[in-house]
Amino acid sequence: MAKMGGIEFAPLNIPMERRLQTLGSIYYIFIVFVLPAATIVIPFYVFFYTSYWYLVILNGIWMYYDWHSPKRGAYPSRWWRTMRIHTHFANYFPIKLHRTVELDPNQNYLFGYHPHGIISIGAYVNFCTNGTGAFEKFPGINIALCTLVGQFWTPLRREWGLLHGLIDVSRESLLYSLSDKRKGQGVVVVVGGAEEALDAHPGHHILTLNRRKGFIRMALKTGAQLVPIYSFGENELFLQADNPKGSLIRSIQGYAKQVMGFSPPVFHGRGIFNYNFGLLPFRREVNTVVGAPIAVTKTVNPTPEIVDKLHAQYTEALMKLFEDNKTKYGVSKDSKLVIQ
Ligand SMILES: *[C@@H]1O[C@H](CO)[C@@H](O)[C@H](O)[C@H]1NC(C)=O
Ligand SMILES: *[C@@H]1O[C@H](CO)[C@@H](O)[C@H](O)[C@H]1NC(C)=O
């Protein structure tokens, strides 16, 4: 590896396999960061300055017609989710999916994914694609990942997500997917959300969970089995500016949250040709462990006591999942899971 002025450059003679993995990573980062920005700006240009203005109108009609798909189970495509590029992207880190028990396809499941990390790459790779073999590990279960509704506001990016089975994380959307008369439906909720992303530092295991109870209530309302997931390594993929509670950055982030509804983390990864700076994630192993389901009895109007009891049971199962698996996946035996 060549080093110049503190920057480590990638060697030029890398094998084809690794090049494809990097390509998978570039593809994903392009879709996540570049495409939405481009598709906000480009339509204005096309509409005002080109003779293809009618494409913008046609897209508007399509979006109007298709507006409710994110709340109606999306339109996951097997072909789209099994493309080779996803396997290359998974192998870039690599990301590995581990199943504790088989899941019965005659039940529905609400999976809680922890931690959020900067952009939940493990959740996307494992559950929006077959990059780590989810289709074979959970046969008969149609798994959909939930995301914020804003992800469906920009053209192309929304269809990209809907084909991956991405759905909106609203109540209406979850009720639709989990009340399905067909069995074998699974939804993955990244419970800690944007708040937890602010604690996504390498070596840290800090979850925002104590006051997150909506997903528990949803499991009770629909009778979906609750399944905890811990993704070892998700917090290792980027470096985030130091922002302990009370710091200036954290205060600005708190303010941003009040104004915009979310608080952007200040982070970086590596570049295409260097290892120190850029938006590509670091090549670090991610091990996503899916726990055993917790039986839930359908309760249409659960009391706060019932919700709290199940929340405590879920939290305990998640802590056990972390404790029982941590040393195998690179976490020291003294590291503790912090739940706040
Ligand atoms: C899903 O991935 C697994 C593991 O890579 C692979 O064996 C399987 O053929 C894939 N399934 C489909 C339908 O492509
Ligand atoms: C991971 O944790 C689960 C839940 O505690 C446990 O059942 C499983 O055996 C653990 N996996 C391994 C390989 O230790």
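Among contacts in the protein chain between residues at least 6 apart in sequence, 78% join residues at least 24 apart. This figure, like those that follow, comes from a predicted model. The chain is built from 12 helices and 13 strands. Its radius of gyration is 20 Å, close to the 20 Å that the globule rule gives for 340 residues, so the chain is as compact as a globular protein of that length. Along the principal axes, the C-alpha trace spans about 55 × 55 × 45 Å, and 49% of the 340 residues count as buried.

We can turn next to the interior. In soluble globular proteins, nonpolar side chains tend to be buried together. Here, the largest nonpolar core has 77 residues, and those with the most contacts inside it are L110, F111, I121 and L226. L110 gives a good view of these surroundings: leaving aside neighbours within four places in sequence, L110 is in contact with L174, L178, V187, V189, F215, M218, A219, A224, Q225, L226 and V227. One of these partners, L226, is itself listed with L110 among the core residues with the most contacts.

Another partner of L110, F215, also takes part in a helix packing. Helix α10 (residues 214–222) and helix α12 have axes that come within 9 Å and cross at roughly 110°; the two helices are therefore roughly perpendicular to each other. On the α10 side, F215, I216, R217 and L220 meet I306, V307, L310, H311 and Y314 of α12. By class, this contact has 7 nonpolar, 1 polar and 1 charged residues.

A further crossing involves helix α1 (residues 16–49) and helix α4 (residues 84–92), whose axes come within 7 Å and cross at roughly 100°. That makes α1 roughly perpendicular to α4. The residues of this contact divide into 7 nonpolar, 6 polar and 1 charged. From α1 come E17, L20, Q21, T22, L23, G24, S25, Y27 and Y28, which meet I85, H88, F89, N91 and Y92 in α4.

Finally, it is worth returning to α12, which covers residues 304–325 and includes N325. N325 has a relative accessible area of 13% and is therefore buried, given that the cut-off for a buried residue is under 20%. Leaving aside neighbours within four places in sequence, N325 is in contact with F232 and V289. N325 and I26 are 299 residues apart in sequence, and their C-alpha atoms are 31 Å apart in space.

How values were computed: Residues are numbered from 1 along each chain as its sequence is written. Chains are lettered from A and ligands numbered from 1 in the order in which they are written. This is a predicted model: local features need pLDDT of at least 70, side-chain atom pairs count only at pLDDT 80 or more; totals for chains, interfaces and linings use all residues. Side-chain values use heavy atoms; hydrogens and water are left out. Helices (H or I, at least four residues) and strands (E, at least two) are DSSP runs, numbered from the N terminus. Buried means under 20% relative accessible area, exposed over 50%, partly exposed in between (1.4 Å probe, protein chains only). Contact means heavy atoms within 4.5 Å. A nonpolar core is a set of buried Ala, Val, Leu, Ile, Met, Phe, Trp, Tyr and Cys residues joined through side-chain atoms within 4.5 Å. Axes are lines fitted to C-alpha atoms, for helices over the stretch in contact, and angles run from 0 to 180 degrees between N-to-C directions. Angles under 35 degrees count as roughly parallel, over 145 as roughly antiparallel, 65 to 115 as roughly perpendicular and the rest as oblique. Ala, Val, Leu, Ile, Met, Phe, Trp, Tyr, Cys and Pro count as nonpolar, Asp, Glu, Lys and Arg as charged, and the others, Gly among them, as polar. The radius of gyration is taken over C-alpha atoms; the globule rule is 2.2 Å times the number of residues to the power 0.38.
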